[in-house]
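Reader: Before we begin, I would like each term in our discussion to be tied to the rule that lies behind it. Shall we go through the model with that in mind?

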Amino acid sequence: MLKRRFFDSNCNLGASLNPRLCQAKDVNALYEVMDHSGVEKALVRYLNVDVGAVYGNEQLARMLKDDYDHRLYGMWNILPESCNELPKGEAFFDAMKENRIAAVRILPGFERWVPARISIGSVMDALRERRIPTFIHRTAFTDDWNGLYNFLELFPDNIYILGPGLGSLWGTERQLRPIMDTYKNVYLEISNIWMPEAVGDFARDYGAKRILYGSGYPDYTQGSMMAVVQHLEIDEADKDLIASGNLERIISEEVL
């Protein structure tokens, strides 16, 4: 089998309040998981969302200081600026650069803020200008798919990575395809796609450049979707894009 470089776009670091069978409590533990699977690099977020965005961001930054091999990039949660919980403006992006943070995530339903322009508009505009991706999924919103559709309409030119919560037993193509048709800066992370054949379909219909390998670790093993990517019936060069090339390009184009 062709040796291929993998860059995991959906990986969790840290320990949850309810311990799972498999989780990486620190960077060295995650290195072991990655080495076992053959994953070269990973975009990681703090596993325990129950601690809140501020503490979670701080913990992730602290843990990434042990990433001596520079194999990891971080993902921070963002909040509306009104409550003065996170650094504002340039200070926030300076902190991202200092701590190797390459993406942000929103959890408005869980963190109890309204996903509207008056609450998060200034942050989203700055992310758009700096070409920093926002990791987002359907279950982030209290009103499900409608919330995702409405948010994309508010900020149509931002870069998004659509992640977990998008897969289901019966498939979600009727919900996903209008998004892929309309918003050209949307990338699909595949860890929660239940039908492997759908990954190839999306790659052929929208281009492999818009598909990202992700594992969803520790909910899933890193190797599961690696196998799917390896056996897709698409060009080998397109598999390379999905495995690592696309995420590397996204990060290289950021302005921090």
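Reader: Which elements cover the buried residues of α5?

Author: The cover includes α3 (89–98), β4 (101–105), β5 (134–136), α6 (144–154) and β6 (160–162), where contact means heavy atoms within 4.5 Å. The model is a predicted one, in which local features need pLDDT of at least 70 and side-chain atom pairs count only at pLDDT 80 or more, while totals for chains, interfaces and linings use all residues. Residues are numbered from 1 along each chain as its sequence is written, and side-chain values use heavy atoms, with hydrogens and water left out.

Reader: Which residues of α5 are called buried, and what does the word require?

Author: Buried means under 20% relative accessible area, exposed over 50%, and partly exposed in between, with a 1.4 Å probe and protein chains only. In α5 the buried residues are Ser119, Ile120, Gly121, Val123, Met124, Asp125, Ala126, Leu127 and Arg130.

Reader: How do you know that the length of α5 agrees with its number of residues?

Author: Helices are DSSP runs of H or I with at least four residues, strands are runs of E with at least two, and both are numbered from the N terminus. The expected span of a helix is 1.5 Å times one less than its number of residues; for the 14 residues of α5 (117–130) this should give 20 Å, and the end C-alpha atoms are 18 Å apart, which agrees. A bend of about 25° is nevertheless found at Val123, the bend being the angle between axes fitted to the seven residues ending there and the seven starting there.

Reader: And how does α2 fare under the rule for helix span?

Author: The 12 residues of α2 should span 16 Å, and its end C-alpha atoms are 16 Å apart, which agrees. This helix (53–64) lies across β1, β2 (41–46), β3 (72–77) and β4, running at about 170° to β3; such angles run from 0 to 180 degrees between N-to-C directions, with axes fitted to C-alpha atoms, for helices over the stretch in contact.

Reader: What makes β1 and β8 the edges of the sheet?

Author: The open sheet has 8 strands in the order β1-β2-β3-β4-β5-β6-β7-β8, with parallel pairing. β1 (7–13) and β8 (211–212) each have a single partner strand, so one side of each is left without a neighbour in the sheet. Two strands pair if DSSP finds at least two bridges between them; β4 and β5 meet this with 2 bridges, β3 and β4 with 4, and β5 and β6 with 3.

Reader: Why is β4 described as largely enclosed?

Author: In β4, 5 of the 5 residues are buried, so this strand is largely enclosed by the rest of the structure. Together with β3 and α3, β4 makes a right-handed β-α-β unit: with the strands pointing away from the viewer, the path from the first strand over the helix to the second runs clockwise.

Reader: What makes the backbone at Arg112 and Arg131 worth a remark?

Author: Most residues other than glycine have a negative phi, and most peptide bonds are trans. Arg112, in the loop between α4 and α5, has a positive phi of about 60° although it is not a glycine, and Arg131, just after α5, also takes a positive phi of about 60°. Arg112 counts as exposed at 73% relative accessibility, whereas Arg131 is partly exposed at 33%. A cis peptide bond joins Tyr217 and Pro218, with omega about 10°.
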